[in-house]
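Got your viewer open? Here is a tour, one selection at a time, with a note on what to look for at each stop.

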Amino acid sequence: IHWPWFVTAVLLCLVAAWLYLHWATPIYNISATVLIKDEKKGGKYNMAKSNDDKTNVMRLLDKKKIDYKVHSYADTDAIAGTEVAAVLGEDAGCVFKTLVTVGKSNNHYVFMIPVACELDLKKAAKCVGEKKIEMIKSKDLLGLTGYIHGGCSPIGMKKLFKPTIDETAQNYKRIFFSAGKIGFQIECSLSDLQKVVPVGLYDLT
């Protein structure tokens, strides 16, 4: 090996690399979500529904050709369901949370109730023909449904459950529920939701 030539070649390569990095124009990949404030709806935000932004819930709604809207509260401090309803500028009665329970038979059941209400476990048990039901543990939610606490939706769960929604949902032309991701809500009619999942009605609160 001719060491002088070898060392010279290495030095030239390093100099060339430095010159390239110093003078080359950097290229960055940038993605963004567009939030459009609706001044007529009390601070409501509509998310631009590009393919990159869509959750599995949205894709399933698209597949069924459902008329729906997506609302984001991701840039707010809202955590509790009633806080989300306030950010959306909506009556808390039409904003629903999705709860997953387990019966004495070890079968699982999904219920949807208004965010300001509590699930009556006795009524829920009677609704599904169980002697007793209880809420599942938060740590079990992801493995069972594919969703995490705060982002659980009746649509797109790992297993197709037959959800039951509180009968007050009939009182609203459109209802709200999680889009399957914390910070995002779906707005659609109850009848359209029933086209995607077999939702039943019952007095749950």
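Start by selecting Phe6, which sits in helix 1 (residues 3–23). Helices here are DSSP runs of H or I with at least four residues, strands are runs of E with at least two, and both are numbered from the N terminus. Phe6 is partly exposed, at 46% relative accessibility; that label covers everything between buried (under 20% relative accessible area) and exposed (over 50%), using a 1.4 Å probe and protein chains only.

Before you go on, note that this is a predicted model, in which local features need pLDDT of at least 70 and side-chain atom pairs count only at pLDDT 80 or more, while totals for chains, interfaces and linings use all residues. Residues are numbered from 1 along each chain as its sequence is written, and side-chain values use heavy atoms, with hydrogens and water left out.

Now widen the selection to Trp3, Phe6, Val7, Val10, Leu11 and Leu14: together they make a nonpolar surface patch of about 610 Å². Patch members have over 30% relative accessible area and no salt bridge; nonpolar side chains (Val, Leu, Ile, Met, Phe, Trp, Tyr) are joined within 5 Å, and like charges within 9 Å. Areas are Shrake-Rupley values with a 1.4 Å probe, and for residues only the protein chains shown count as cover.

**Zoom out**

Show the whole cartoon and you should find six helices and 10 strands. Of the 205 residues, 39% count as buried. Switch on the surface: the accessible area is about 12,700 Å², and carbon and sulfur atoms own 57% of it. Contacts (heavy atoms within 4.5 Å) lean on distant parts of the sequence: among those with a separation of 6 or more, 60% are between residues 24 or more positions apart.

**Helix 3 and what follows**

Select residues 81–88, which form helix 3, and colour Val84, Ala85, Val87 and Leu88, all buried. Those four lie on the same side of helix 3, because they cover an arc of only 160° around the axis, taken from the directions from the helix axis to the C-beta atoms. Next along is Gly89, with a positive phi near 75°.

One step further, Glu90 is in the loop between helix 3 and strand 4 (96–103). Glu90 is partly exposed at 23% relative accessible area. Draw a distance from its C-alpha to that of Ile175: the separation is 9.7 Å, though Glu90 and Ile175 are 85 residues apart along the chain.

**Salt bridges**

How many salt bridges does the structure hold? Six, counting each side-chain nitrogen of Lys or Arg within 4 Å of a carboxyl oxygen of Asp or Glu.

Pick Lys54 and Asp62 to begin with; their side chains meet at 2.5 Å, N to O. Lys54 is buried at 16% relative accessible area, whereas Asp62 is partly exposed at 29%.

Then jump to Arg174 and Glu187, a salt bridge at 3.0 Å, N to O. Arg174 is in the loop between strand 7 (164–166) and strand 8 (175–178) and Glu187 is in strand 9 (residues 184–188), so this pair ties together parts that are 13 residues apart in sequence. Arg174 is partly exposed at 23% relative accessible area, while Glu187 is buried at 7%.

For a pair within one helix, select Lys195 and Asp192, whose closest N and O atoms are 3.1 Å apart. Both belong to helix 6 (residues 190–196), three residues apart, or about one turn. Asp192 is buried at 12%, but Lys195 is exposed at 52%. Finally, add Asp67 to Arg174 and Glu187: salt bridges with shared partners join these three into one network.

**Two positive phi values**

Most residues other than glycine have a negative phi, so which side of zero will you find at the next stops? Lys65 has a positive phi, near 60°. Look for Lys65 in the loop between helix 2 (56–63) and strand 3 (69–72), exposed at 76% relative accessible area.

Asn106 also has a positive phi, near 75°. Asn106 lies in the loop between strand 4 and strand 5 (108–114) and is exposed at 59%.

**Last stop: cysteines**

Select Cys117 and Cys127. Cys117 is partly exposed at 26%, and Cys127 is partly exposed at 24%. How many disulfides does a search of the whole structure find? Zero, where a disulfide would be a pair of cysteine sulfur atoms within 2.5 Å.
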